[in-house]
Structures are given as structure tokens and as C-alpha cells.
Amino acid sequence: MSTHTPGFDKEIHLGPLASRYLDIDALPWVPSRFPGIDIKVLMTDPATGLHTSLTRFAPGASLPDHEHVGIEQSWVLEGRLVDAEGECRAGQFVWRPAGNRHTAHAPEGALVLGFFQKPNKFFDQR
């Protein structure tokens, strides 16, 4: 099975159909390549691109221009995310269809639970 949780050591002792109960606080924050943005991967499947993660934005942090290759869903737990189409505040949810392209900015910082069908395509990559 390619679906797994990085940093969840107990997973190797579970059967393929067992539930994965995660202690989110015990999972590591991993710095992204974008300044001020860290990620906790809750579940990922490299074979399909399916991915669930917590993303922590420092105040003023931004994701550069990117396209959602599959549907993306975001539930803002703290702070707010702003883009040219609007803003999503704590307790609110936004989803974007495949092909949506934008930047995202967290003026005061944010904590976001995100669900992705496929990895984003970033246009700053060479």
C-alpha cells in the first residue's frame, strides 16, 4: 500500500486495512520551500497524488502562483487566506476545481487543513 503518514512509526505494525489513529501533535512540522510555510502531512499516496495536510502560514507568508491539478479543499482553522477571488476566514471552507490558478496570502498567519487529489503545479519552478 503506498498510502501512508510520514513520521507515523506505528504504521509499520498495522495491517493494510487497519485504521490509522494519529497523534497530530507528535507529527513533525516540515518546512516547505516557501518562506514561512510549514506542513504536517497527515496522509499521502504518492502513486495517485492524494494528499491531506495541515499547513501553517506565518504572518505575511504567501504561496506563489500555482494551479490546482485536481480538486483542492481547504478548511481554515485559524487566521485567514486571501487571494484575488476572495478570502477564507477561520471556520470557513473553500474548494477549488481542477485548473484553478491563483496565489494565496495569509496576512495574519493561518492554519489550514487541506485535501488534494493531485499535487499543485507551481509556476515558479524552473
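In this predicted model, Arg101 lies over the face of Phe123, at 3.5 Å from the ring centre. A like arrangement brings Arg56 and Trp29 together, since the charged end of Arg56 sits over the ring of Trp29, 4.1 Å from its centre. The table sets out these two placements.

| Charged residue | Ring | Distance to ring centre |
|---|---|---|
| Arg101 | Phe123 | 3.5 Å |
| Arg56 | Trp29 | 4.1 Å |

Rings also meet one another, and the structure holds one aromatic pair. Phe34 and Phe122 form this pair, which is tilted, with 4.8 Å from centre to centre and 40° between the planes. Phe34 belongs to the loop between β1 (30-31) and β2 (37-44), whereas Phe122 belongs to strand β10 (residues 121-122), and therefore the pair ties together parts that are 88 residues apart in sequence. Because buried means under 20% relative accessible area, Phe34 counts as buried at 9%, and Phe122 is likewise buried, at 13%.

The nonpolar interior can be described next. The largest nonpolar core has 13 residues, and the members that touch the most others are Ile37, Phe57, Leu63, Leu81, Ala110 and Val112. At least two residues of this core come from each of β4 (61-67), β5 (72-83), β8 (101-106) and β9 (110-116). A second, separate core consists of six residues, among them Leu42, Leu54, Leu111 and Leu113.

Which residues does Leu63 touch, not counting residues up to four places away in sequence? With that exclusion, Leu63 touches Phe34, Ile37, Phe57, Thr103, Ala104 and Phe122, and this list includes both Phe34 and Phe122, the two partners of the aromatic pair.

Notes:
Residues numbered from 1 in each chain as written. Predicted model: local features only at pLDDT ≥ 70, side-chain atom pairs only at ≥ 80, totals over all residues. Heavy atoms only, no water. Core = buried A, V, L, I, M, F, W, Y, C linked by side-chain atoms within 4.5 Å. Buried < 20%, exposed > 50% of the residue type's maximum accessible area, 1.4 Å probe, protein only. Helix = DSSP H or I, 4+ residues; strand = E, 2+ residues; numbered from the N terminus. Contact = heavy atoms within 4.5 Å. Phe/Tyr/Trp six-rings, centres within 6.5 Å; stacked < 30°, edge-to-face > 60°. Lys NZ or Arg CZ within 6 Å of the ring centre and 35° of its normal.
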